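Here is a short, friendly tour for anyone meeting this structure for the first time. Have a look at the sequence and the model, then read on.

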Amino acid sequence: RTLINEELQKISTAVSELKEKVSDDIAKIKLDEVAKSITPISNKTKVVDNHIINLLQYYELVNELRNL
């Protein structure tokens, strides 16, 4: 859980920084909302497959933004 939360924080920061590379204003707004929607997993919540899938999708988004 701690590792996932640390990675989510890194991804949120990366999305916020990389959105500056995007030229489309609508895409920037959407990326801003994505960064805001990335929330840590609470200590009482059990880590399930859906959390891991979301993390992998966020990694893919960051990779796409880096390739712009």
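Ser 12 sits in helix 1. Is Ser 12 buried or exposed? With a relative accessible area of 14%, Ser 12 falls under the 20% cut-off, so Ser 12 counts as buried. Leaving aside residues up to four places away in sequence, Ser 12 touches Ala 35 and Ile 38. Keep in mind that all of this comes from a predicted model.

Ser 16 is another residue of helix 1. Because its relative accessibility is 30%, Ser 16 counts as partly exposed. From Ser 16 to Ile 4 is 12 residues along the chain, and their C-alpha atoms are 18 Å apart.

Lys 44 makes a nice contrast, as it belongs to the loop between helix 2 and helix 3. Lys 44 has a relative accessibility of 83%, so it counts as exposed. Lys 44 and Ile 4 are 40 residues apart along the chain, with 14 Å between their C-alpha atoms.

Here are those three residues side by side.

| Residue | Relative accessibility | Class |
|---|---|---|
| Ser 12 | 14% | buried |
| Ser 16 | 30% | partly exposed |
| Lys 44 | 83% | exposed |

Now for the overall picture. The chain has three helices and zero strands, which gives the pattern α-α-α when you read along the sequence. Its C-alpha atoms fill a box of roughly 40 × 20 × 15 Å along the principal axes. Of the chain's 68 residues, 28% count as buried. Take the contacts between residues at least 6 apart in sequence: 74% of these join residues at least 24 apart.

Back to helix 1, where the length is easy to check. Its 17 residues, at 1.5 Å a residue, should span 24 Å, and the end C-alpha atoms are indeed 24 Å apart, so the two figures agree. The buried residues of helix 1 include Ile 4, Leu 8, Ile 11, Val 15 and Leu 18, and also Asn 5 and Glu 7. What do the buried residues of helix 1 pack against? They pack against helix 2 and helix 3.

Helix 3 covers residues 49-66, and its length works out too: at 1.5 Å a residue, its 18 residues should span 26 Å, which agrees with the 26 Å between its end C-alpha atoms. Which residues of helix 3 are buried? They are Leu 55, Tyr 58, Val 62 and Leu 65. Looking down the axis of helix 3, you'd see these buried residues fall within an arc of 80°, so they line one face of the helix. As a rule, an α-helix has 3.6 residues a turn, so residues three or four places apart point the same way. On the face of helix 3 turned away from the buried side are the exposed residues Asp 49 and Leu 56. Helix 1 (2-18) and helix 2 (25-37) are among what covers the buried residues of helix 3.

Finally, how do helix 2 and helix 3 fit together? They pack at an angle of about 145°, and their axes are 13 Å apart. Their crossing is left-handed. On the helix 2 side, Leu 31, Val 34 and Ser 37 meet Tyr 58, Leu 61 and Leu 65 of helix 3. Sorted by class, this contact has five nonpolar residues, one polar residue and no charged ones.

Terms used
Residues numbered from 1 in each chain as written. Predicted model: local features only at pLDDT ≥ 70, side-chain atom pairs only at ≥ 80, totals over all residues. Heavy atoms only, no water. Helix = DSSP H or I, 4+ residues; strand = E, 2+ residues; numbered from the N terminus. Expected span 1.5 Å × (residues − 1). Buried < 20%, exposed > 50% of the residue type's maximum accessible area, 1.4 Å probe, protein only. Arc of directions from axis to C-beta. Contact = heavy atoms within 4.5 Å. Axes fitted to C-alpha atoms, helices over the stretch in contact; angles between N-to-C directions. Left-handed = near helix turned anticlockwise from the far one by under 90°. Nonpolar A, V, L, I, M, F, W, Y, C, P; charged D, E, K, R; others polar.
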